[in-house]
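User: I am new to this structure and would like a close look at a single part of it, followed by an account of how that part fits with the rest.

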Amino acid sequence: MRKVLANLLIVLLLSWSWASTAVVASSEEEEMGPLASQGRILFQHYCAACHGVSGDGDGYNAELLDKEPAELSDEKFMAKKNDSQIYRVIKFGGQGVKKSHLMPTFGHTLSEKEIWSLVAYIRHLADDEDHLVKVPANTSETRPASPPPPHDPLNTFSDWYSKKGRDTSLIAQGEKLFRKKKSCLACHQLNDEGGLLGPDLSRAGFSYTPEWIFTWIGNPQRIKPQSKMPNLGLDNEECRSITAFLASLKGEKLKGKWKDYLASPGDPVKGEKLFFDSEGKANCGKCHSVKGKGGKVGPQLGFVGTSRTQAFLLESILNPKAVITSGYSSILILTKKGKFITGVKRNEDDSSIDLMDKEGNALHISKDEIKKFKTQKISIMPGNFKDILTQDDIRHLLAYLGTLKTSN
Ligand code: HEC
Ligand code: HEC
Ligand code: HEC
């Protein structure tokens, strides 16, 4: 697993540096200089959802926050701050500099040099072109590897969780961290309160296994290097209590007749066959990949046996629109020529939208060609599997998905 992740990281880093050199061509970029240009890419990825693409404080996630994200394009506001103050709030987060905890910390995710590049880009947003941001000597260019206090290995955690994980005072402690201290609520909803950058966690205990929550929140970048969720630098105790809190959120119970599907085990070998059979009724592999094999329209399912509960997997097959996986919302576009296009939205910037259609074709559409578009609360995944697959077929598929585990 480590090795696979390391390779993945290399591929991502390669495409990253390619992406950053590829855009330096435009004249605005030349004016900005290489440091701010690097900052621009990071800003669009990590900051724009709250601070807005132009730094006006109006990102789509902003209106859901109790504290307004700073207006970074406001010249007067920014003139009062020196570079090292801006650097510190990005590195340590709002909590670290006695401001709102809703501003996350990025010092466990980005290198020092990357944080300086964000400072340079923020100066550019406030039209402060005369201000030359100086990167201090011996600034590190490598991203932090993982948070300093080592986290429990998974079996130690499982042991601990089965004994202590349902303790109510621990759950209360985790809830406090989640709501008031660690920025979680800035990006995740709990019963209609909180941000929308990440998935709604009101039913986290229904969807995710405690082992997965613990692994993910300890270091999201180890699992998904390009995730927009920063590493929040949680120590082992904090990871434990937040996991205990989230795992306690079960939501409503499974519908009565759905329980029948989980009552007896299926055959993983038959499940795998159904999954990849391109002539078969399920043909999940058309859209989903497992360990590199299969399509790219839907999320890769290579470790759902570790990360998702069987109840969640069942719901995903029987009623895909119940939860739309983060980053796979579907979009409907009406072009100026009167053509409708639908697919999974992969990326959006000021001038264009990238999407992938049901057949797996990647489309790049310039905003000049678009009359209007909207993201929809529907899934690209077919909603009729409950009619075309038998209960046994679905049991076999669930058994197969259950075998897809990470190795540590
Ligand atoms: C989840 C929402 C969110 C994200 C993502 C976010 N911020 Fe913020 N940011 C805030 C909020 C809220 C404040 C206001 C904090 C306060 O004034 O107490 C803020 C304030 C700031 C400030 C001003 C602090 C001051 O001194 O007044 C800077 C600079 C800043 N953010 C930079 C960034 C950068 C750079 C990124 C991306 C790497 C980023 N933010 C990502 C929510 C966010
Ligand atoms: C700046 C926004 C942001 C903050 C702050 C944040 N998250 Fe997330 N979180 C995300 C995004 C985006 C995802 C979707 C994961 C992905 O695909 O990259 C996510 C995913 C998750 C998941 C589901 C992982 C999965 O397998 O899909 C959990 C659980 C989670 N976050 C918990 C937390 C907790 C606990 C905190 C606070 C300690 C937190 N998050 C803070 C943005 C955030
Ligand atoms: C036409 C493409 C397509 C086909 C065919 C398809 N899916 Fe999906 N699937 C998607 C998309 C897109 C998503 C993400 C949107 C959503 O959550 O509904 C998804 C989401 C999922 C999820 C949730 C993943 C998560 O972690 O949130 C599971 C599990 C899943 N599919 C399993 C299956 C299985 C099993 C089959 C075969 C019976 C299947 N899918 C067939 C496109 C497809």
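At what angle do α5 and α6 pack, and how far apart are their axes?

Analyst: This is a predicted model, and what follows should be read with that in mind. In it, α5 and α6 pack at an angle of about 125 degrees, and their axes are 9 Å apart. Because angles from 65 to 115 degrees count as roughly perpendicular and those over 145 as roughly antiparallel, this value makes α5 oblique to α6. The crossing in which α5 passes α6 is right-handed. On the side of α5 the contact is made by D83, I86, Y87, I90 and K91, while α6 contributes I115, W116, L118, V119 and I122. Sorted by class, the residues of this contact are eight nonpolar and two charged, with no polar residue.

The two helices also have a part in the surroundings of a ligand. Residues 83–96 form α5 and residues 112–125 form α6, and each of these helices supplies at least two residues of the shell around ligand 1, as do α3 (48–51) and α9 (184–187). The largest share of that shell, five residues, comes from α5. Altogether 28 residues surround ligand 1, and the closest are C47, C50, K99, S100 and M103. By class, the shell around ligand 1 holds 19 nonpolar, six polar and three charged residues.

To place this part in the chain, it helps to turn to the domains. The protein chain is divided into domain 1 (28–125), domain 2 (154–247), domain 3, which is made of 256–323 together with 383–402, and domain 4 (330–376). Ligand 1 lies between domain 1 and domain 2, because both of them give residues to the shell around it. Between the C-alpha centres of domain 1 and domain 3 there are 41 Å.

The helix α9, already met at ligand 1, appears again at ligand 2, where α9, α11 (210–218) and α13 (236–247) each supply at least two residues of the shell. Of the 28 residues around ligand 2, those that come nearest are C184, C187, G198, S227 and M229. The shell around ligand 2 divides into 18 nonpolar, seven polar and three charged residues.

From α13 one can follow a further helix pair, since α13 packs with α8 (residues 168–181) at an angle of about 100 degrees, with the axes 7 Å apart. The two helices are therefore roughly perpendicular to each other. Their contact is made by L170, I171, Q173, G174, E175, L177 and F178 of α8 and by E238, S241, I242, A244 and F245 of α13. This contact of α8 with α13 has seven nonpolar, three polar and two charged residues.

The remaining ligand and helix pair share the helix α17. Around ligand 3 there are 28 residues, the closest being C284, C287, G298, S379 and M381, and the largest share of this shell, three residues, comes from α17. In the shell around ligand 3 the classes are 19 nonpolar, six polar and three charged residues. Helix α17 (residues 310–318) also packs with helix α19 (residues 391–402) at an angle of about 130 degrees, with their axes 10 Å apart. These two helices are therefore oblique to each other, and the crossing of α17 and α19 is right-handed. In the contact, Q310, L313, L314 and I317 of α17 meet I394, L397, L398, L401 and G402 of α19. The residues of the contact of α17 with α19 divide into seven nonpolar and two polar, with no charged residue.

Conventions:
Residues numbered from 1 in each chain as written. Chains lettered and ligands numbered in written order. Predicted model: local features only at pLDDT ≥ 70, side-chain atom pairs only at ≥ 80, totals over all residues. Near = placed C-beta within 6 Å. Helix = DSSP H or I, 4+ residues; strand = E, 2+ residues; numbered from the N terminus. Nonpolar A, V, L, I, M, F, W, Y, C, P; charged D, E, K, R; others polar. Domains from an automatic or database assignment. Axes fitted to C-alpha atoms, helices over the stretch in contact; angles between N-to-C directions. Parallel < 35°, antiparallel > 145°, perpendicular 65-115°, else oblique. Left-handed = near helix turned anticlockwise from the far one by under 90°. Contact = placed C-beta atoms within 7 Å.
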